[in-house]
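This report describes the fold, the core and a few single residues of one protein chain. The sequence and model are shown first.

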Amino acid sequence: MTTELLSKTTTAADFLHIVERVPLVDGPNDDDGGKRGEGKSGTETGTITRTRPKTKRPNLYRVLLLNDDYTPMEFVILVLQDVFNKSREEAVQIMLHVHQKGVGECGVYPYEVAETKVTRVMDTARKNQHPLQCVMEKQ
(Lines give C-alpha, C1' and ligand atoms only; values in the text may rest on other atoms or scores of the structure.)
Protein backbone atom coordinates (compact mmCIF):
# COMPACT_ATOMS: atom_id res chain seq x y z
CA MET A 1 0.00 0.00 0.00
CA THR A 2 1.20 3.53 -0.61
CA THR A 3 2.70 5.57 2.18
CA GLU A 4 1.57 8.93 0.75
CA LEU A 5 -0.71 10.90 3.03
CA LEU A 6 -3.75 12.86 1.99
CA SER A 7 -3.77 16.42 3.21
CA LYS A 8 -6.42 19.12 3.16
CA THR A 9 -4.77 20.55 0.05
CA THR A 10 -4.78 17.30 -1.93
CA THR A 11 -6.44 17.87 -5.29
CA ALA A 12 -8.69 15.40 -7.09
CA ALA A 13 -5.89 14.71 -9.59
CA ASP A 14 -3.45 13.97 -6.73
CA PHE A 15 -6.01 11.65 -5.14
CA LEU A 16 -6.56 9.74 -8.38
CA HIS A 17 -2.80 9.44 -8.83
CA ILE A 18 -2.48 7.90 -5.35
CA VAL A 19 -5.51 5.61 -5.74
CA GLU A 20 -4.34 4.27 -9.11
CA ARG A 21 -1.28 2.74 -7.42
CA VAL A 22 -3.11 1.04 -4.55
CA PRO A 23 -3.33 -2.76 -5.13
CA LEU A 24 -6.69 -4.46 -5.01
CA VAL A 25 -6.73 -7.26 -2.41
CA ASP A 26 -9.04 -10.30 -2.29
CA GLY A 27 -10.73 -10.38 1.07
CA PRO A 28 -11.69 -13.38 3.22
CA ASN A 29 -15.35 -13.14 2.17
CA ASP A 30 -14.87 -14.01 -1.50
CA ASP A 31 -17.78 -15.86 -3.07
CA ASP A 32 -15.53 -18.37 -4.89
CA GLY A 33 -14.83 -20.40 -1.77
CA GLY A 34 -11.30 -19.12 -1.44
CA LYS A 35 -10.17 -20.78 -4.70
CA ARG A 36 -9.38 -17.57 -6.54
CA GLY A 37 -6.40 -16.74 -4.36
CA GLU A 38 -4.82 -20.25 -4.51
CA GLY A 39 -1.47 -20.30 -6.24
CA LYS A 40 -1.28 -16.51 -6.28
CA SER A 41 0.10 -13.99 -3.87
CA GLY A 42 -3.47 -12.95 -3.01
CA THR A 43 -3.24 -9.51 -4.59
CA GLU A 44 -4.33 -8.12 -7.91
CA THR A 45 -3.57 -4.71 -9.26
CA GLY A 46 -5.92 -2.60 -11.29
CA THR A 47 -6.49 0.92 -12.41
CA ILE A 48 -9.42 2.99 -11.35
CA THR A 49 -10.67 5.12 -14.20
CA ARG A 50 -13.07 7.97 -13.91
CA THR A 51 -14.71 9.80 -16.77
CA ARG A 52 -15.16 13.50 -16.35
CA PRO A 53 -18.33 14.91 -17.83
CA LYS A 54 -17.78 17.96 -19.97
CA THR A 55 -19.69 20.85 -18.52
CA LYS A 56 -21.06 23.45 -20.86
CA ARG A 57 -21.16 27.11 -19.90
CA PRO A 58 -24.71 28.43 -19.63
CA ASN A 59 -26.03 30.71 -22.34
CA LEU A 60 -25.83 34.37 -21.37
CA TYR A 61 -28.54 36.96 -21.88
CA ARG A 62 -28.30 40.74 -22.16
CA VAL A 63 -30.79 42.68 -20.06
CA LEU A 64 -31.87 45.83 -21.88
CA LEU A 65 -33.82 48.91 -20.81
CA LEU A 66 -35.99 50.61 -23.45
CA ASN A 67 -36.50 54.35 -23.60
CA ASP A 68 -39.90 55.97 -23.20
CA ASP A 69 -40.97 59.60 -22.92
CA TYR A 70 -42.79 59.24 -19.60
CA THR A 71 -40.62 57.45 -17.03
CA PRO A 72 -38.63 59.96 -14.95
CA MET A 73 -34.86 59.74 -15.28
CA GLU A 74 -34.44 59.62 -11.51
CA PHE A 75 -36.70 56.56 -11.32
CA VAL A 76 -34.58 54.78 -13.95
CA ILE A 77 -31.43 55.58 -11.95
CA LEU A 78 -32.98 54.18 -8.77
CA VAL A 79 -34.04 50.99 -10.59
CA LEU A 80 -30.53 50.51 -11.98
CA GLN A 81 -29.06 50.94 -8.50
CA ASP A 82 -31.59 48.67 -6.80
CA VAL A 83 -32.04 45.83 -9.32
CA PHE A 84 -28.63 45.81 -11.01
CA ASN A 85 -26.48 46.99 -8.08
CA LYS A 86 -24.99 49.82 -10.12
CA SER A 87 -23.24 52.76 -8.50
CA ARG A 88 -24.88 56.16 -8.90
CA GLU A 89 -22.33 57.10 -11.60
CA GLU A 90 -22.86 53.87 -13.57
CA ALA A 91 -26.62 54.20 -13.29
CA VAL A 92 -26.53 57.79 -14.62
CA GLN A 93 -24.35 56.72 -17.56
CA ILE A 94 -26.67 53.84 -18.47
CA MET A 95 -29.77 56.02 -18.08
CA LEU A 96 -28.30 58.71 -20.36
CA HIS A 97 -27.34 56.07 -22.93
CA VAL A 98 -30.91 54.70 -22.88
CA HIS A 99 -32.30 58.24 -23.16
CA GLN A 100 -30.08 59.15 -26.12
CA LYS A 101 -29.92 55.85 -28.03
CA GLY A 102 -33.33 54.37 -27.18
CA VAL A 103 -31.95 51.21 -25.59
CA GLY A 104 -29.17 50.37 -23.15
CA GLU A 105 -27.60 47.27 -21.63
CA CYS A 106 -27.90 46.87 -17.87
CA GLY A 107 -25.89 43.65 -17.61
CA VAL A 108 -25.28 40.15 -18.95
CA TYR A 109 -26.49 37.15 -16.92
CA PRO A 110 -27.43 33.47 -17.14
CA TYR A 111 -31.06 32.91 -18.19
CA GLU A 112 -32.66 32.59 -14.74
CA VAL A 113 -30.87 35.63 -13.33
CA ALA A 114 -31.70 37.75 -16.39
CA GLU A 115 -35.34 36.67 -16.23
CA THR A 116 -35.55 37.59 -12.54
CA LYS A 117 -34.03 41.03 -13.14
CA VAL A 118 -36.42 41.77 -16.02
CA THR A 119 -39.37 40.74 -13.82
CA ARG A 120 -38.17 42.93 -10.94
CA VAL A 121 -37.80 45.97 -13.22
CA MET A 122 -41.23 45.46 -14.78
CA ASP A 123 -42.92 44.91 -11.41
CA THR A 124 -41.28 47.99 -9.89
CA ALA A 125 -42.26 50.14 -12.88
CA ARG A 126 -45.84 48.85 -12.79
CA LYS A 127 -46.19 49.45 -9.03
CA ASN A 128 -44.99 53.03 -9.52
CA GLN A 129 -47.24 53.51 -12.58
CA HIS A 130 -44.40 54.00 -15.07
CA PRO A 131 -44.33 52.50 -18.58
CA LEU A 132 -40.64 51.51 -18.34
CA GLN A 133 -39.89 48.41 -20.38
CA CYS A 134 -37.10 45.91 -19.81
CA VAL A 135 -36.29 42.95 -22.06
CA MET A 136 -33.64 40.26 -22.38
CA GLU A 137 -31.97 38.87 -25.47
CA LYS A 138 -29.55 36.01 -26.02
CA GLN A 139 -25.99 37.24 -26.32
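In helix α3, the buried residues are Ala91, Ile94, Met95 and Val98. These residues lie on the same side of α3, because they cover an arc of only 100° around its axis. An α-helix has 3.6 residues a turn, so residues three or four places apart point the same way. The other side of α3 carries the exposed residues Glu89, Gln93, Gln100 and Lys101. The cover over the buried residues of α3 includes β3, α2 and β4. The model is a predicted one, and the rest of the description should be read with that in mind.

**Overall fold**

The chain contains four helices and five strands. Their order along the sequence is α-β-β-β-α-α-β-α-β. Of the 139 residues in the chain, 23% are buried. Among contacts with a separation of 6 or more, 63% join residues 24 or more positions apart. The exposed area of the chain is about 10,400 Å², and carbon and sulfur atoms supply 52% of it.

**The nonpolar core**

In soluble globular proteins, nonpolar side chains tend to be buried together. The largest nonpolar core of this chain has 22 residues. Val63, Leu65, Leu80, Phe84, Val121 and Leu132 are the residues with the most contacts inside this core. Two or more core residues come from each of β3 (60-66), α2 (73-84), α3 (88-101), β4 (103-110) and α4 (111-127). Helix α2 gives the most, with seven residues.

Leu65 can serve as an example from the core. Leaving out residues up to four places away in sequence, Leu65 touches Val76, Leu80, Val98, Gly102, Val103, Gly104, Cys106, Val121, Leu132, Gln133 and Cys134.

**Helices α3 and α4**

The length of α3 agrees with the expected value, because its 14 residues should span 20 Å at 1.5 Å a residue and its end C-alpha atoms are 20 Å apart. For α4, the 17 residues should span 24 Å at the rise of 1.5 Å a residue, and the end C-alpha atoms are 24 Å apart, which agrees.

Which residues of α4 are buried? They are Ala114, Lys117, Val118, Val121 and Ala125. Seen down the axis of α4, these residues fall within an arc of 100°, so they line one face of the helix. The face of α4 turned away from that buried side holds the exposed residues Glu112, Arg126 and Lys127. The buried residues of α4 pack against β3, α2, β4 and β5 (133-138).

Ala91 belongs to helix α3. It counts as buried because its relative accessibility is 0%, which is under the 20% limit. The C-alpha atoms of Ala91 and Leu80 are 5.5 Å apart, although the two residues are eleven residues apart along the chain. Apart from neighbours within four places in sequence, Ala91 is in contact with Ile77, Leu80, Gln81 and Lys86.

**Loops and positive phi values**

Just after α3, Gly102 takes a positive phi of about 95°. Asn85 also has a positive phi, about 55°, although it is not a glycine. Gln129 is another residue other than glycine with a positive phi, near 60°, and its position is just after α4.

The table gives the place and accessibility of three loop residues.

| Residue | Loop between | Relative accessible area |
|---|---|---|
| Thr71 | β3 and α2 | 11%, buried |
| Asn85 | α2 and α3 | 64%, exposed |
| Gln129 | α4 and β5 | 73%, exposed |

What does the side chain of Thr71 reach? At 3.3 Å, it reaches the backbone nitrogen of Leu132. Thr71 is in contact with Val76, His130, Pro131 and Leu132, its neighbours within four places in sequence being left aside. Leu132 is also among the core residues with the most contacts inside the core, and Leu65 touches both Val76 and Leu132.

Conventions: Residues numbered from 1 in each chain as written. Predicted model: local features only at pLDDT ≥ 70, side-chain atom pairs only at ≥ 80, totals over all residues. Heavy atoms only, no water. Buried < 20%, exposed > 50% of the residue type's maximum accessible area, 1.4 Å probe, protein only. Contact = heavy atoms within 4.5 Å. Areas by Shrake-Rupley, 256 points an atom, 1.4 Å probe, with all protein chains shown as cover. Core = buried A, V, L, I, M, F, W, Y, C linked by side-chain atoms within 4.5 Å. Polar contact = N/O pair within 3.5 Å; in protein donor to acceptor, adjacent residues only side chain to side chain. Expected span 1.5 Å × (residues − 1). Arc of directions from axis to C-beta.
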